[in-house]
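Reader: I am new to this structure. Please take one chain and look at it closely, from its overall build down to single residues.

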Protein chains: 2
Amino acid sequence: MIVTRSIKKTSQICARCNSKDKTIGFVPTMGALHEGHMSLVKRARKECGFVVVSIFLNPIQFGPSEDLARYPRNFKKDEKLLKASGADLLFYPEASAMYPQGFSTYVEEFDLSKELCGKSRPGHFRGVCTVLAKLFNIVKPDIAYFGQKDYQQTQIVKKMVRDLNYDIRIKMLSTIREKDKLAMSSRNTYLSLKERKESSCLYRALIFAKELIRKGERDPKKVIAKMRGVVKSEKTTKIDYIGIVNADSLERINKIKGRILITVAVYVGKARLIDNIVLHVKK
Amino acid sequence: MIVTRSIKKTSQICARCNSKDKTIGFVPTMGALHEGHMSLVKRARKECGFVVVSIFLNPIQFGPSEDLARYPRNFKKDEKLLKASGADLLFYPEASAMYPQGFSTYVEEFDLSKELCGKSRPGHFRGVCTVLAKLFNIVKPDIAYFGQKDYQQTQIVKKMVRDLNYDIRIKMLSTIREKDKLAMSSRNTYLSLKERKESSCLYRALIFAKELIRKGERDPKKVIAKMRGVVKSEKTTKIDYIGIVNADSLERINKIKGRILITVAVYVGKARLIDNIVLHVKK
């Protein structure tokens, strides 16, 4: 595995792959890798001739009061995991190289970014789109892989790719979960033992909603109220949002029907956790 | 010369050139081609293995009260000129293909875009950056060519390319001028005979400034005042701005020194014309 901080070197290696018609699979990450990330790398390894993983803790997607400073970092462990996974190139640029003095160009999506995490975290998706535009231009991948836990992000990236004519296929793979079904996340390391136990309520709320809908409930307000109950029954939780939206447009719906996304963002202690499920509701 | 409206076809042809290591030279235009454009195509032909010219009247770079509707169009003549020039591919996409319903992603540069034309034409450079990001992703050029008449635009594009890590060299070629030194522009066709005659005052003002500076004047305010006099001596002119700025940062300067840009934007009748010169002022 090639390991490099150099933007130029990465760009050149990937350009060479392109001119050899080698399919480039790309997994952009912020490090602190877990099984969720590794499932993306594994899939990329299976489908592509050359697998690039980036580790970059992107400062511009964090708000001023968010957790950039304490976000978990463990480069040596990440590097080892990636070597074992058969990735071909690990790109971990420096922030000062990605955003040199005077950096002034941003990419922003203005529709799918409005609600949910976009509302709670102003500027977050602008930071995500900007860094991905940069990484896409450096790596020039054929396929880029994202996890469903970040459903809204993945939809926004798909939109950006379509709008800006990037010739890249975006693939979204299933959320990988702990034994108690908590979605894997680098932020889970923030949780105390008690909080860790309580945090399974996100998934329990989602499954409770699924069950209510299976039984015939079609009013999103009623479902959300019940979900709130599930989350609030845990002591250290604070709900950021619970949403039931159209899975494509991410717009709030008045009646549960079609392909819908049920999505939650909850503070458990200091950790802001997100999770979601997609349902196809026939009638 | 391949002539196509298809984004997909253009993207595929250009990808094939890349995988054959054929250098792609790209000249993005809004059509109504004149000698200025053709000098760019000629240079691209000289320097590159494959020359792509785009003709796209980009709606999102025009303000609501600007001249999109009456902007000159002459596709048949343009096509003929390009065929004769030896261009390899003419790409002229439809607006509905470039901006389909629900388009929602924009690229914006926030530093060099603030002043001069950026101030007079809010949203203009956002439209320029967005369409060029799209065209760059479709054409994947090695070199893209711009004219010095659009100096600010070219600087912004250079900044965008650097900030977003596009692997593209931006070349700025000299402004091509009419006999009376009026900078060539598709918008010159708006001018009546009388206005056409008066419009040479833009260049006369620039040269007057150059002469003042040669004689030792170092106060931009005084130079600008004299330039105003030159432009105002013509009846149908209305000054949008006259600026003397650092040629790299595009910031206003208090003392004329170093590499400076002297730039003018003037309404002559209904036509908004721009022009500029760059000077190296040693001391």
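Author: What follows goes from the whole of chain A to its contact with chain B, and then to two residues.

Start with the whole chain. This is a predicted model. Chain A holds ten helices and ten strands. How does its radius of gyration compare with that of a compact globule? For 283 residues, such a globule would have a value near 19 Å. Chain A has 19 Å, so the two agree. The C-alpha trace spans about 55 × 40 × 40 Å along its principal axes.

Next, the packing. Of the 283 residues in chain A, 57% are buried. Take the contacts between residues at least 6 apart in sequence. In chain A, 72% of these join residues at least 24 apart.

Now the surface and the charges. The accessible surface of chain A is about 13000 Å². Carbon and sulfur atoms account for 51% of that. Chain A carries 55 positive side chains and 29 negative ones. The centres of these two sets lie 3 Å apart.

Chain A also meets chain B. Here 28 residues of chain A are in contact with 28 residues of chain B. Together the two chains bury about 2200 Å², with 47% of it on carbon and sulfur atoms. Which three residues of chain B supply more of its buried area than any other three? They are Thr105(B), Leu164(B) and Asn165(B), with 26% of the area that chain B buries against chain A.

One residue of chain A on this contact is Asp163(A), which touches Thr105(B). Asp163(A) also touches Phe103(B), Ser104(B) and Lys134(B). It belongs to helix H7, which covers residues 151–163 of chain A. Is Asp163(A) buried or exposed? Its relative accessibility is 4%. Buried means under 20%, so Asp163(A) counts as buried.

Lys235(A) gives another case. It is found in the loop between helix H10 (220–232) and strand S8 (237–246). Its relative accessible area is 74%. Exposed means over 50%, so Lys235(A) is exposed. What does Lys235(A) touch, leaving out residues up to four places away in sequence? The residues are Lys194(A) and Glu198(A).

One last distance ties Lys235(A) to another part of the chain. Arg16(A) is 219 residues away from Lys235(A) along the chain. Their C-alpha atoms are separated by 54 Å.

How values were computed
Residues are numbered from 1 along each chain as its sequence is written. Chains are lettered from A and ligands numbered from 1 in the order in which they are written. This is a predicted model: local features need pLDDT of at least 70, side-chain atom pairs count only at pLDDT 80 or more; totals for chains, interfaces and linings use all residues. Side-chain values use heavy atoms; hydrogens and water are left out. Helices (H or I, at least four residues) and strands (E, at least two) are DSSP runs, numbered from the N terminus. The radius of gyration is taken over C-alpha atoms; the globule rule is 2.2 Å times the number of residues to the power 0.38. Buried means under 20% relative accessible area, exposed over 50%, partly exposed in between (1.4 Å probe, protein chains only). Contact means heavy atoms within 4.5 Å. Accessible areas come from the Shrake-Rupley method with a 1.4 Å probe; for residues, only the protein chains shown count as cover. Lys and Arg count as positive and Asp and Glu as negative; His and the chain ends are not counted. The place of a charge is taken as NZ of Lys, CZ of Arg, CG of Asp or CD of Glu. Buried area is the accessible area (1.4 Å probe) that two parts lose on being put together, summed over both.
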